[in-house]
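Visitor: I would like to learn how to read a protein structure, one feature at a time. Where should a beginner start?

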Amino acid sequence: MDEKRAEEYISLINQVLSCPSGKEPDVLSAHPELLDAELIDVMEQVSQGFAAEGDENTAQFLNSIIILLAESLELPLSDANVDVDPQLNLLIQLLFMTEESEANPDVIYPLLQKNLELLDDNFVASFKQWIHDTFTQAESEDAENLAVLTSAFSSLMQEFPTGNRRINLEVAIAGYESSIVFISPESLPEECAATLYNLGNAYGDRVTQKEEKNHKDNFEAAIDCYQKALKIYKLDKYPLEWAMTQNNLGNTFRDLGEIEEKAENLDKAIACFEAALQIHTHDRYPMEWEITKNNLASACKERDCSS
């Protein structure tokens with residue numbers, strides 16, 4: 001390897017390390033002439049240097065890139081002799097693929113299915129640590145882009161149909177909670193409202209897990225999310241989203257009423273269902289109309305019994 005080539009490798013590695021999170025594949029694909037086994041060798045040396053200096057996060061990140069490169073170049077993984085945290089490596093692969101595929105579940109779910117044994121509490125911890133390390137180092141614009149990516153990945157985890165449902169929800173909630181801090185309702189209103197709506201649903205779903213005992217806090221957190229989403233989902237601009245959020249808010253008020261202030265919370269639930277039925281009409285949305293109408297009937301019956 002001549003000196004010029006080595007300098008080009010180092011420059012590319014620096015670009016990968018300094019680019020906004022999730023954009024690493026774009027940086028690498030812009031330099032196909034440098035993607036080879038020698039680049040992997042240089043990355044290994046740089047990774048070892050970071051590890052020797054005590055920067056394990058950067059070393060692990062580079063090791064994950066090395067594995068992805070080795071796979072894409074069809075090099076035996078044994079040639080990429082690196083020590084990598086398998087859960088962090090899986091996480092980085094998932095985030096890369098979420099960005100590249102535009103959050104296509106047909107791309108993400110097979111990888112999740114293949115690695116079900118890695119989706120445990122340690123994966124949740126790795127995700128939370130990655131969020132902390134990455135968001136605290138990101139510039140404001142980069143942080144917003146990263147938050148959108150994290151929210152998209154969280155949505156995929158929330159909807160992942162197999163694996164451990166509790167783990168899937170905890171990953172989703174961690175991602176949403178961090179993302180919503182950086183997604184501005186002014187610059188990205190739809191992404192902000194969708195993240196709030198999904199987070200509200202995740203809090204509600206968390207209560208269904210037998211390990212979760214703190215039902216009241218989760219219901220109150222869900223209500224807060226839905227109410228914030230409704231500040232963006234205005235009736236005149238987002239009628240269907242507004243109605244869906246009203247319906248879910250009504251369900252959550254009714255659930256909270258099983259814990260405290262039953263009559264008051266049922267009244268709030270009834271008001272939400274009645275609001276949703278302004279949009280969920282029989283002619284336009286028959287399925288949603290049926291669901292919301294049944295929710296309203298149940299809440300009214302409970303309210304009469306609680307009087």
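**Reading a helical protein**

Guide: Start with a detail at the start of helix 3, where a side-chain oxygen of D36 reaches to within 3.2 Å of the backbone nitrogen of E38. Keep in mind throughout that this is a predicted model.

Visitor: How many helices and strands are there in the protein?

Guide: The protein has 14 helices and 0 strands. Read along the sequence, the pattern is therefore α written over and over, from one end to the other. The C-alpha trace spans about 85 × 40 × 30 Å along its principal axes.

Visitor: What share of the residues in the protein is buried?

Guide: Of the 307 residues, 46% are buried. A residue is called buried when its relative accessible area is under 20%. Contacts can also be sorted by distance along the sequence. Among contacts between residues at least 6 apart in sequence, 63% join residues at least 24 apart.

Visitor: Back to helix 3. Why does its span of 23 Å agree with its 16 residues?

Guide: The expected span is 1.5 Å times one less than the number of residues. For the 16 residues of helix 3, residues 37-52, that gives 22 Å, and the end C-alpha atoms are 23 Å apart, so the two agree. Just after this helix, G54 takes a positive phi of about 90°.

Visitor: Which residues of helix 3 are buried?

Guide: A general point comes before the list. An α-helix has 3.6 residues a turn, so residues three or four places apart point the same way. In helix 3 the buried residues are L39, I40, V42, M43, E44 and S47. Helix 1 (3-18), helix 2 (24-29) and helix 4 (56-72) are among what covers them.

Visitor: What does a single residue of helix 1 look like, Y9 for example?

Guide: Y9, in helix 1, has a relative accessible area of 0%, so Y9 counts as buried. Its side chain is joined to that of E38 by a polar contact of 3.3 Å. Y9 and V42 are 33 residues apart along the chain, yet their C-alpha atoms are separated by 7.1 Å.

Visitor: Where is F153 found, and what is F153 in contact with?

Guide: F153 is found in helix 8. With a relative accessible area of 0%, F153 is buried. Leaving aside neighbours within four places in sequence, F153 is in contact with L91, L94, L95, T98, F123, F127 and V171. Its C-alpha atom is 9.7 Å from that of P105, which is 48 residues away along the chain.

Visitor: Is Q158 buried or exposed?

Guide: Q158 also has to be judged by its area: the relative accessible area is 4%, so Q158 is buried. Q158 lies in helix 8, residues 140-159. Its side chain makes a polar contact of 2.6 Å with the side chain of Y176. Not counting residues up to four places away in sequence, the residues touched by Q158 include R165, N168, L169, A172, N198 and D205.

Visitor: What do the buried residues of helix 10 pack against?

Guide: They pack against helix 8, helix 9 (165-182), helix 11 (215-230) and helix 12 (239-257). The buried residues of helix 10 include C192, L196, L199, A202 and R206. Helix 10 has 18 residues, 189-206, and reaches 26 Å from its first C-alpha to its last, close to the 26 Å expected.

Visitor: Next, pockets. What is the volume of the largest pocket, and which residues are closest to its centre?

Guide: The largest pocket has a volume of about 660 Å³. It is lined by 26 residues, and F61, W130, D133, T134 and Q137 are the closest to its centre. Two or more lining residues come from each of helix 1, helix 4, helix 5 (86-101), helix 7 (121-137) and helix 8. Helix 7 gives the largest share, 6 residues. By type, the lining divides into 10 nonpolar, 9 polar and 7 charged residues.

Visitor: Which residues lie nearest the centre of the second largest pocket?

Guide: They are P25, L28, L68, S72 and F96, out of 15 lining residues. About 300 Å³ of space lies in this pocket. Helix 2, helix 4 and helix 5 each supply at least two lining residues, and the largest share, 5 residues, comes from helix 4. The lining has 9 nonpolar, 3 polar and 3 charged residues.

Technical notes: Residues numbered from 1 in each chain as written. Predicted model: local features only at pLDDT ≥ 70, side-chain atom pairs only at ≥ 80, totals over all residues. Heavy atoms only, no water. Helix = DSSP H or I, 4+ residues; strand = E, 2+ residues; numbered from the N terminus. Buried < 20%, exposed > 50% of the residue type's maximum accessible area, 1.4 Å probe, protein only. Contact = heavy atoms within 4.5 Å. Polar contact = N/O pair within 3.5 Å; in protein donor to acceptor, adjacent residues only side chain to side chain. 1 Å grid on protein atoms, 1.4 Å probe; cavity = no way out; pocket = protein on both sides within 12 Å on 5 of 7 lines; lining within 4 Å. Points joined across faces, edges and corners; volume = space filled by probe spheres on them. Nonpolar A, V, L, I, M, F, W, Y, C, P; charged D, E, K, R; others polar.
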